[in-house]
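Me: I would like to understand the reasoning behind the terms used for this structure. Please set each value against its cut-off.

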Amino acid sequence: MATVAVAAMALPGLARASDKPLVFCADASPEGFDPALWDSSATSNVTTQIFNGLVSYQRGTATLKPALATAWQVSPDARTVSFTLRRGVAFHTTPYFTPTRPMNADDVMFSFTRLVDPQIPFNRAFPATFVHAQSLGLAQMIAGIDRVDDHTVRFRLHRGNVNFLSYFASAFASIHSAEYAAQLLAAGRASAINNQPVGTGPWRFKSYRKDDVLRLQPHPAFWGGVQKPRALIFAISREPNVRVQKLARGECHVAAAIRDVDVSTLSGHPRVKIMKTRALNISYLAFNLQRPLLARREVREALDIAIDRNALFKVLFPRGDALQAVSAFPPSVPGFNTALRNDYDPARARALLAQAGVPPGTSIDLWALPISRPTNPNGQLMAQLIQADWAQVGIRARILTYEWGEYLKRANSGEHDVYMSGWSTDVPSADDFLAPNLTCASSRGGIKFCNPEFDALLEAARAEVDEPKRLALYERAQAIFKRERPWITMAHSSIYIPLRKDVQGFVMAADGSVDFEGVWRE
């Protein structure tokens, strides 16, 4: 199974500068600027502009294209992937770093060795959790990384993995400058890699004020061509209606995905257009399986089937564009198990709770999502509707919420009982939904789901080159997921992104993420 890609051509016309900045109304602040450390969309929307990976997706499709690698080869048994690196790629020059050489194999070696070896000097100086890489089990997956020469790197796996190539298009796999890392390490400032970023992407870091504004400048030596706008500005506004008003007034030119209720507000605006896609996403409620009460499968099932999804959807998704989630990924993804169903059965829920010895009036903390997402446009309202449903079966839900960064931090450390979350990807792959979220590798401290039978099916699917057999393994894994119910699956949604009509070159991604390479205003 050998695959070879050719070099991508620079976008035409990008060498000319423009006097018009491009402003994006973002819905949340980035958690940091090192793409290896974070897996939230608020962060990856920023780091995508600053960094490149070895490969990327052709925007709007699931087709891989060259980025910092111009070609790649995958062995027939899917155990070896070799990359030919693009020559002459310049890292950003900033007030805090001046590169002395183009990107080469040393940078790839640093970027990935850092993800799998906690003993390298940089990791000892700046210990960190690489959330997405850890959730995939990358350290256990990779047998070795070889620097073949200055422009060739080879990855060797313990077992075949037909999905491995696609990992290199993820934000966590972005390429850092080994030279910059060495400079930070020598100065005792290794942690600055997270707040003073240096990448190879079309935009370079200028300044940032948390919860307010992020400013980026065009990278004048970008291998894909200099960007037209003189600046890319992230104007951060948590409130959805504020973003809508700013876009309507022309204070921003593209906005983060809007709610169903905002579509009608903007649809008649003469200078605004709205892009739409049926996204590869899901919202869900995740249980903390370290809690003795929620570690019991029958309790999780009872809380699931106590929710009246039909009533909830009428309130939260009045346009009818959302789909009730039954499994861990949408039906459009190959390998979806069509035999799975959602139930609404309060009587059975009460019986299950009684069987588990849960007395009426038992209290559970329910965390409401603090920001609006297409799959969960109003976390407080969703929480209130679920609170009412759970009350009918004798469970008292105490609704809590936190600022977005604090919410993520506390949930990752396991302070919740049940919290609202979600996932999206730009490629229709079962592995992209299951592996980062539901494997034992993704369960830090036993908070999340860990089932050896489920893991074994995913490992077998990754190594299976015969597609029908691989998809059958994913179907079996979903049956375990539905039986064990680590999540209460909620919604798959359409995504609406509004932009001013003078914005050119913007292509909507299947996960609602934004990429401003080659985007400008007329």
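Reply: The exchange below concerns a predicted model and takes its terms one at a time.

Me: What makes the confidence in the protein chain what it is, and where is the pLDDT below 50?

Reply: The protein chain has an average pLDDT of 93, and 97% of the residues score at least 70. Residues 1–17 are the stretch with pLDDT below 50. This stretch has 38 contacts in the model beyond near neighbours in sequence.

Me: Why is the pairing of Phe-33 and Tyr-208 called edge-to-face?

Reply: Ring centres must lie within 6.5 Å to pair, and planes over 60 degrees apart count as edge-to-face. For Phe-33 and Tyr-208 the centres are 5.2 Å apart and the planes stand at 80°, so both conditions of the rule are met. By this rule the model holds 28 aromatic pairs.

Me: What makes this a link between distant parts of the chain?

Reply: Phe-33 belongs to the loop between strand 1 (22–26) and helix 1 (41–50), while Tyr-208 is in strand 8 (residues 203–209); they are 175 residues apart.

Me: Are Phe-33 and Tyr-208 buried or partly exposed, and how do you know?

Reply: The limit for buried is under 20% relative accessible area, and exposed begins over 50%. Phe-33, at 4%, is therefore buried. Tyr-208, at 25%, falls between the limits and so counts as partly exposed.

Me: How do you know which class the pair of Phe-83 and Phe-155 belongs to?

Reply: Their centres are 5.9 Å apart and their planes are at 90°, so the pair is edge-to-face by the cut-offs of 6.5 Å and 60 degrees. Because Phe-83 lies in strand 5 (residues 80–85) and Phe-155 in strand 7 (residues 152–157), the pair ties together parts 72 residues apart in sequence. Both residues are buried. Ring pairs also join Phe-83 and Phe-155 to Phe-112, Phe-164, Tyr-167 and Phe-168 in a cluster.

Me: What makes Lys-228 lie over the face of Trp-520?

Reply: The distance limit is 6 Å from the ring centre, together with a limit of 35 degrees from the ring normal. Lys-228 is at 3.8 Å from the ring centre of Trp-520 and lies over the ring face.

Me: How do you know that the span of helix 16 agrees with its number of residues?

Reply: Helix 16 (residues 452–463) has 12 residues, so at 1.5 Å a residue a span of 16 Å is expected; the end C-alpha atoms are 17 Å apart, which agrees.

Me: Why are the buried residues of helix 16 said to be on the same side?

Reply: The buried residues are Phe-454, Asp-455, Leu-457, Leu-458, Ala-461 and Arg-462. They cover an arc of only 160° around the axis, which puts them on the same side of helix 16. Their packing partners include helix 4 (131–136) and helix 17 (467–484).

Me: Why is His-132 in helix 4 called buried?

Reply: His-132 has 14% relative accessibility, so it is under the limit of 20%. Among the residues that His-132 touches are Asp-39 and Trp-423.

Me: What makes phi noteworthy in Ala-78 and Arg-485?

Reply: Most residues other than glycine have a negative phi. Ala-78 has a positive phi of about 60°, and Arg-485 has a positive phi near 50°. Ala-78 lies in the loop between strand 4 (69–74) and strand 5, and Arg-485 in the loop between helix 17 and strand 18 (487–492). Ala-78 is buried at 2%, as is Arg-485 at 9%.

Conventions. Residues numbered from 1 in each chain as written. Predicted model: local features only at pLDDT ≥ 70, side-chain atom pairs only at ≥ 80, totals over all residues. Heavy atoms only, no water. Phe/Tyr/Trp six-rings, centres within 6.5 Å; stacked < 30°, edge-to-face > 60°. Helix = DSSP H or I, 4+ residues; strand = E, 2+ residues; numbered from the N terminus. Buried < 20%, exposed > 50% of the residue type's maximum accessible area, 1.4 Å probe, protein only. pLDDT = per-residue confidence, 0-100. Contact = heavy atoms within 4.5 Å. Expected span 1.5 Å × (residues − 1). Arc of directions from axis to C-beta. Lists of a residue's contacts leave out its neighbours within four places in sequence.
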